[in-house]
Amino acid sequence: MLRAFSAAHGLADPTFRELETRGSAIGRIDGKDVVNFGSYDYLGFNADPRPAAAAIAAVRLYGVSASASRLTAGQRPIHRSLERKLARHYGVDDALSFVSGHGTNVSVIPTLVGKNDVIIYDSHIHNSASVGASLSGASLRSFAHNDLSALEMILEENTSGYRAALVIVEGHYSMDGDVPDLARLVELKRKYGFWLMVDEAHGLGCIGTTGKGVRELYGLRGTDIDIWMGTLSKTLGSTGGYVAGSNALIDIIKYEAPGSVYSVALAPALAAAADCSLDLLEAEPERVARLQDRGRLFLDCARMHDLDTGHSVGSSIVPVMTGNPILAVAASQSLLERGINALPIGFPGVPVNAARLRFFLTAEHSEDQIRFAVAETAKVLAQLRNSPVAELMRAIGPKLT
């Protein structure tokens with residue numbers, strides 16, 4: 001429906017835009033350089049020559065592909081190097097890498113829970129976790145986003161009838177840029193005895209003083225959480241996923257999770273790039289500080305221009321709420337014409353009337369780029385609300401609901 005309305009009113013399809021260069025603060029679209037807020041390269045490692053050099057060296061040593069499952073064909077030393085560093089990052093025993101972040105949740109969650117268990121998850125959890133939960137066969141319950149009182153009510157009513165309960169949250173929510181109250185979640189875990197899984201795909205390198213994620217923000221130990229999950233494609237500038245936790249957890253996943261047993265291992269070059277990026281994250285915490293400074297600047301500028309940024313904490317993810325998806329699509333096109341790449345997010349990624357422009361910030365963005373982007377976003381939204389697009393918004397709104 002959105003595509004049909006957009007086409008009828010001359011709005012370009014914002015999906016599958018071709019970025020002709022790497023995903024840095026500046027990108028090239030249709031031959032023109034734009035300020036890029038559409039890529040995950042939060043700390044600039046994708047543009048850093050050191051992870052690239054590590055990847056090239058790995059290709060020369062191991063080849064392009066790992067060729068087979070590690071269970072059946074063995075592993076490369078770079079896999080274990082990366083996993084040991086991930087475990088150290090979280091302060092836990094061990095970790096295991098996968099070829100896909102999405103596939104990690106889809107594979108791991110059904111391995112750990114089944115039909116005699118219950119999964120309770122935040123309503124804003126990523127699709128990969130909700131798909132994994134559905135495939136598990138466990139009973140499913142969700143609670144309103146970050147409403148831990150609602151979670152406790154569900155725990156009181158549901159946990160006694162099941163073998164085990166798994167609670168899933170994100171450490172830094174990908175659509176809203178906010179964080180959970182992890183300290184209270186740990187208190188609830190101790191009270192009710194559930195397993196706690198935290199998806200740190202967007203938390204690693206972005207949250208906490210040195211980028212150790214939401215546990216660092218609350219001063220918690222890594223072992224306070226049962227299952228850490230994350231991806232290599234955001235801060236670490238690579239591709240793939242991982243799980244970190246106790247030796248027992250990783251042993252079960254190694255030998256039982258389909259994504260470990262039946263899938264090819266992570267390409268050595270991708271493992272090497274992520275391995276190097278983890279070293280750089282530890283050695284250069286000033287990148288984290290710079291990213292968070294840029295996030296705070298974006299929020300400050302947005303407030304000056306009366307833009308709604310929801311509950312973002314002002315790190316790597318800041319939404320500008322539009323409500324109506326047509327407004328988000330039209331604004332994204334207008335911004336691209338002004339040299340800014342910021343993509344619209346609508347249903348099903350977010351609720352129907354909670355569309356937004358989503359800005360991914362990086363340590364590589366300059367203060368001037370952020371001020372320019374926020375000011376132009378405010379101008380574009382004001383103009384569109386007083387243009388023919390407003391009529392389209394009124395027409396499509398009732399149809400969407």
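Reader: Which residue forms a salt bridge with arginine 303?
Author: Happy to start there, in what is a predicted model, where local features need pLDDT of at least 70, side-chain atom pairs count only at pLDDT 80 or more, and totals for chains, interfaces and linings use all residues. Residues are numbered from 1 along each chain as its sequence is written, and side-chain values use heavy atoms, with hydrogens and water left out. A salt bridge here is a side-chain nitrogen of Lys or Arg within 4 Å of a carboxyl oxygen of Asp or Glu. For arginine 303, the closest N and O atoms are 2.5 Å apart, and the partner is aspartate 300.

Reader: Is arginine 303 buried or exposed?
Author: Good one to check against the cut-offs: buried means under 20% relative accessible area, exposed over 50%, and partly exposed in between (1.4 Å probe, protein chains only). Arginine 303 has a relative accessible area of 54%, so this residue is exposed.

Reader: What is the N to O distance in the salt bridge of glutamate 83 and arginine 70?
Author: This pair links distant parts of the chain, with glutamate 83 in helix H4 (residues 77-90) and arginine 70 in helix H3 (residues 70-73). Helices are DSSP runs (H or I, at least four residues), numbered from the N terminus. Both glutamate 83 and arginine 70 are buried. Their side chains meet at an N to O distance of 2.6 Å.

Reader: Which residue forms a salt bridge with aspartate 293?
Author: Aspartate 293 counts as partly exposed because its relative accessibility is 30%. Its partner is at 12%, and so counts as buried. The closest N and O atoms are 2.8 Å apart, and the partner is arginine 294.

Definitions and conventions:
Helices (H or I, at least four residues) and strands (E, at least two) are DSSP runs, numbered from the N terminus.
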